[in-house]
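Open the model in your viewer and keep the selection box handy. We will go from the overall layout to single side chains, one stop at a time.

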Amino acid sequence: MENSASSASSATGASSTRREATRQKLYEAAVTLIAEQGFSATTVDEIAERAGVAKGTVYYNFASKSVLFEELLRHGVGLLTASLKTAADEASQEGGRHVDALDAMIRAGLVFIDRYPAFTQLYVAELWRTNRAWQSTLMVVRQQAVAVVEDVLRGGVASGELSEEIDVPLTAAALVGMVLVAALDWQAFQPERSLDDVHAALSRLLQGRVSGRLA
């Protein structure tokens with residue numbers, strides 16, 4: 001009986017792993033195609049072909065192309081949010097200041113964008129649209145990412161490291177926006193620059209504008 005239960009559990013785990021791998025392929029195919037030709041011009045057939053799966057597999061995992069894109073936004077911003085939080089937590093565990101945690105998040109954001117440039121382009125483009133079915137979802141996941149930065153800023157204000165005059169929500173949004181725009185500009189117009197170089201430039205900006213003192 002125990003062997004049967006163990007086998008069933010193992011089979012369920014393997015099935016779940018395969019499904020996640022398939023969904024990841026679909027995410028990657030969709031984000032690449034939509035970045036290349038736009039959402040409306042991209043078909044489910046093309047997504048399936050790029051992912052190397054049958055068209056029915058797309059609908060097995062997602063009810064429609066719109067649902068796939070909405071889940072793609074959740075997935076991508078979720079990865080970004082997790083990377084920002086991990087960077088902040090690690091900086092804190094190492095005894096760094098709150099500004100050090102912000103700096104670590106800037107680097108984590110650049111690393112994410114360097115790894116997922118097509119997704120970042122789509123995400124930034126969608127932030128400016130107001131007629132999409134997934135607009136409310138986009139606002140929710142955006143706030144989750146910004147909230148990680150807000151938490152660090154509030155901690156810095158509470159500890160006296162940062163000025164009480166800081167507008168936390170706006171400053172957090174500005175820092176996230178700075179990283180997104182600077183990274184996209186880097187990739188589009190200054191690709192010869194290294195990630196370390198771009199991070200150093202943004203780090204100097206952070207130290208001078210947020211903490212009120214140069215590093």
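Colour by secondary structure and follow the chain from its N terminus: the elements run α-α-α-α-α-α-α-α-α. The protein has nine helices and zero strands; both are DSSP runs numbered from the N terminus, with H or I over at least four residues for a helix and E over at least two for a strand. This is a predicted model, in which local features need pLDDT of at least 70 and side-chain atom pairs count only at pLDDT 80 or more, while totals for chains, interfaces and linings use all residues. Residues are numbered from 1 along each chain as its sequence is written, and side-chain values use heavy atoms, with hydrogens and water left out.

**The whole chain**

Switch on the surface. About 11700 Å² of the protein is exposed, and carbon and sulfur atoms supply 53% of that area (Shrake-Rupley method, 1.4 Å probe; for residues, only the protein chains shown count as cover). Of the 215 residues, 40% count as buried, that is, under 20% relative accessible area, with exposed meaning over 50% and partly exposed in between (1.4 Å probe, protein chains only). Now turn to contacts, meaning heavy atoms within 4.5 Å. Among those between residues at least 6 apart in sequence, 67% join residues at least 24 apart.

**Helix α7**

Select residues 135-158. This is α7, with 24 residues, and its first and last C-alpha atoms are 34 Å apart, close to the 34 Å expected at 1.5 Å a residue (the expected span is 1.5 Å times one less than the number of residues). Where should you look for a kink in α7? Centre the view on V146, where the kink is about 25°; the bend is the angle between axes fitted to the seven residues ending there and the seven starting there. After the helix comes G160, with a positive phi near 85°.

**The nonpolar core**

Next, show F69, L102, M105, L110, F119, V149 and L153: these have the most contacts inside the largest nonpolar core, which has 63 residues. Such a core is a set of buried Ala, Val, Leu, Ile, Met, Phe, Trp, Tyr and Cys residues joined through side-chain atoms within 4.5 Å. Elements giving two or more residues to this core include α1 (2-37), α4 (65-93), α5 (98-115) and α8 (168-189). In soluble globular proteins, nonpolar side chains tend to be buried together.

Stay with L110 for a moment. Which residues does L110 touch, leaving aside neighbours within four places in sequence? They are V179, A183, W186, L195, V198, H199 and L202.

**Salt bridges**

Finally, look for a side-chain nitrogen of Lys or Arg within 4 Å of a carboxyl oxygen of Asp or Glu. The count of salt bridges comes to nine.

- Select K55 and D45, whose closest N and O atoms are 3.4 Å apart. K55 lies in α3 and D45 in α2, so the pair ties together parts that are 10 residues apart in sequence.
- Move to D196 and R107, a salt bridge at 2.7 Å, N to O. D196 lies in α9 and R107 in α5, so this pair ties together parts that are 89 residues apart in sequence. D196 is partly exposed at 48% relative accessibility, and R107 is partly exposed at 31%.
- Show D197 with R193, which meet at 2.9 Å, N to O. As a last stop, select E70, E71 and R74, joined into one network by salt bridges that share partners.
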